[in-house]
Every structure is written in structure tokens, then in C-alpha cells.
Amino acid sequence: MSTATHPDPAPGSLAFIPLEANPELMTSLLHKLGLSQALQVHDVYSITEPELLAFVPRPALAALLVFPVSATYESARLAEDAGEPEYAGRGADEPVLWYRQTIRNACGLMGLLHAVANGPARGFVEQDTPLSRLIQTSIPLAPAERSALLEKTPELAAAHREAASRGDTAAPDAQDDVDLHYVCFVKTEDGTLWELDGRRKGPIARGQLAEDEDVLSEKALLWGPLKFLERGGGDMRFSCVALAGALD
């Protein structure tokens, strides 16, 4: 079955409780798994108003956008993915570490993993922790094997379950159909802006950023989150968080 036409995990697949876009919970989850206390997740109150963007410490190492999976978005995704081969990258020479999503409702966790496993953020993953072991084990694996690894990592499931059950709103059931999705944007050391989404056929390079530009710079927002807003079809259920230096 084509992952372009049917990108979601099959009914009956392993399922997680959807993760709320709550910076405090996300930070707690990442620290529990092994991310340094020097980084935390921050609310991004606006991606169009500079005075509100200024509340986020810079540089921002990753941005996670929550967006509605609209018919307009799905049409654009299908058109873009149609001519692309299934990603088969593996090994230390990969430009990014990408995970295909095979766990239902785990897109928030996938976004966080993509955020910390790539670019400068990886240097903040502490040694001999669940995160460091997961990343190092993942590197030589093909995408299907990486997905299987995520499904069989109990520390990941336990930390996610704890975070998802502590949200400000009542947590949906793990088997619920949810029409909101997370996508992650990271800037790698060579300046490439990457769109990382486990529903796609692989990682997507969106363009080259200058040395002084991060994932919340004007150019990165134009190539990334703002494109999603254009395809929202009037549905404004968008939110954004960023991984950056801790304020405490």
C-alpha cells in the first residue's frame, strides 16, 4: 500500500494518547528521556508578529507546528509526494535522522524526537539516557526498522503516557481519530531547513538559511509554517512551539 496515499498507521496499530502542545509537558517529557536542562520548549505566540516572536530565546533549534489535516493540505501533500521515492536513508552520513510514524496519534512524540535528534539540539542529549541510546541505535537502521524500534522502546511509551495524561484538557482515547497533526522544522549545521514529518515519504529540504537565521527567522517561517497556514482553508486550529535555551 502506498504511504503517499495512505500515510497513517493502519487500524489496529499500536496507539498512544495524543500529546497536547503544552510546552511544560513537552519539556518534562524530553528531560525525562535525557535532554539537557539547558533546553526547553517554549510557546510561540505568533509567527507573524515580531514583538511576540521576541519572547522566544534565540536561536530556536526546532519549531513544532500543530495544524489541521484539511482536504487542501492533503491535496498539496499528495501532489508533492507523488514524484518522490520512498526514503531509504540510513547511517551516519544521513543529513537528518528521520522516523516514519507507525504509532497512531504519536505525531507529537515524533515531532519532539525529530527536534532533538537533529541539528545542534542533538549535542544537548545527555549520554547513557533513553534518548541517546535510541538515537545511536536508530542511526544504522533503515526507516522500517527505526519505526519498529520506536514501537519496542518501553521508556518512550512510559514517558509519553505520563506526559499525555497530564495535559490541561481531557486526554482523548489512544484509538480516537484526531485531525490535528505535528510537523517539525529544524536547521542542520550546513544551513538547510528541513521539514520532518512521519506521515511524509521522507525528510524534505525546504531551502538554505544564512548563518544568522534560525527556524523562526522570516525566511524559515515563509518556507515552513506560513505555507501550512495558507492551506488551512479557514480552519485556524494552529499552534506552534519552539525548542530553545532554557529561561531558568
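Mentor: Buried means under 20% relative accessible area, and exposed means over 50%. Keep in mind that we're looking at a predicted model.

Trainee: Okay, which of those two words fits Y73 and F228?

Mentor: Y73 is buried, and F228 is too, so each of them falls under the 20% cut-off.

Trainee: What makes the pair of Y73 and F228 stacked?

Mentor: Their ring centres lie 5.7 Å apart and their planes meet at 25°. A pair needs centres within 6.5 Å, and stacked needs planes under 30 degrees apart, so Y73 and F228 satisfy both and the pair is stacked.

Trainee: And what does the pair tie together?

Mentor: Y73 sits in helix α3 (residues 71–81) and F228 in helix α9 (residues 225–230), so the contact joins parts that are 155 residues apart in sequence. Ring pairs also link Y73 and F228 with F67 and F185 into a cluster.

Trainee: How many aromatic pairs does the structure hold?

Mentor: Six. One of them is Y45 with F55, at 6.2 Å centre to centre and 85° between the planes.

Trainee: Why is the pair of Y45 and F55 called edge-to-face?

Mentor: The 6.2 Å is within the 6.5 Å limit and the 85° is over 60, so Y45 and F55 count as an edge-to-face pair. Y45 is in the loop between β1 (39–44) and α2 (50–53), while F55 is in the loop between α2 and β2 (62–68), ten residues apart.

Trainee: How do you know whether Y45 and F55 are buried or exposed?

Mentor: Y45 has a relative accessible area of 56% and F55 has 55%. Exposed starts over 50%, so both Y45 and F55 get that label.

Trainee: On to the strands. Why is β3 described as mostly covered?

Mentor: In β3 (residues 180–187), seven of the eight residues are buried, which means they come in under 20%.

Trainee: What makes β2 and β3 a pair of strands?

Mentor: DSSP has to find at least two bridges, and β2 and β3 have seven, so they pair, in the antiparallel sense. P68 stands opposite L180 of β3.

Trainee: How do you know that β3 pairs with β4?

Mentor: Four bridges join β3 to β4 (residues 192–196), so the minimum of two is met, again in the antiparallel sense. C184 stands opposite L196 in β4. In this hairpin, with four residues between the strands, G191 takes a positive phi near 95°.

Key: Residues are numbered from 1 along each chain as its sequence is written. This is a predicted model: local features need pLDDT of at least 70, side-chain atom pairs count only at pLDDT 80 or more; totals for chains, interfaces and linings use all residues. Side-chain values use heavy atoms; hydrogens and water are left out. Buried means under 20% relative accessible area, exposed over 50%, partly exposed in between (1.4 Å probe, protein chains only).
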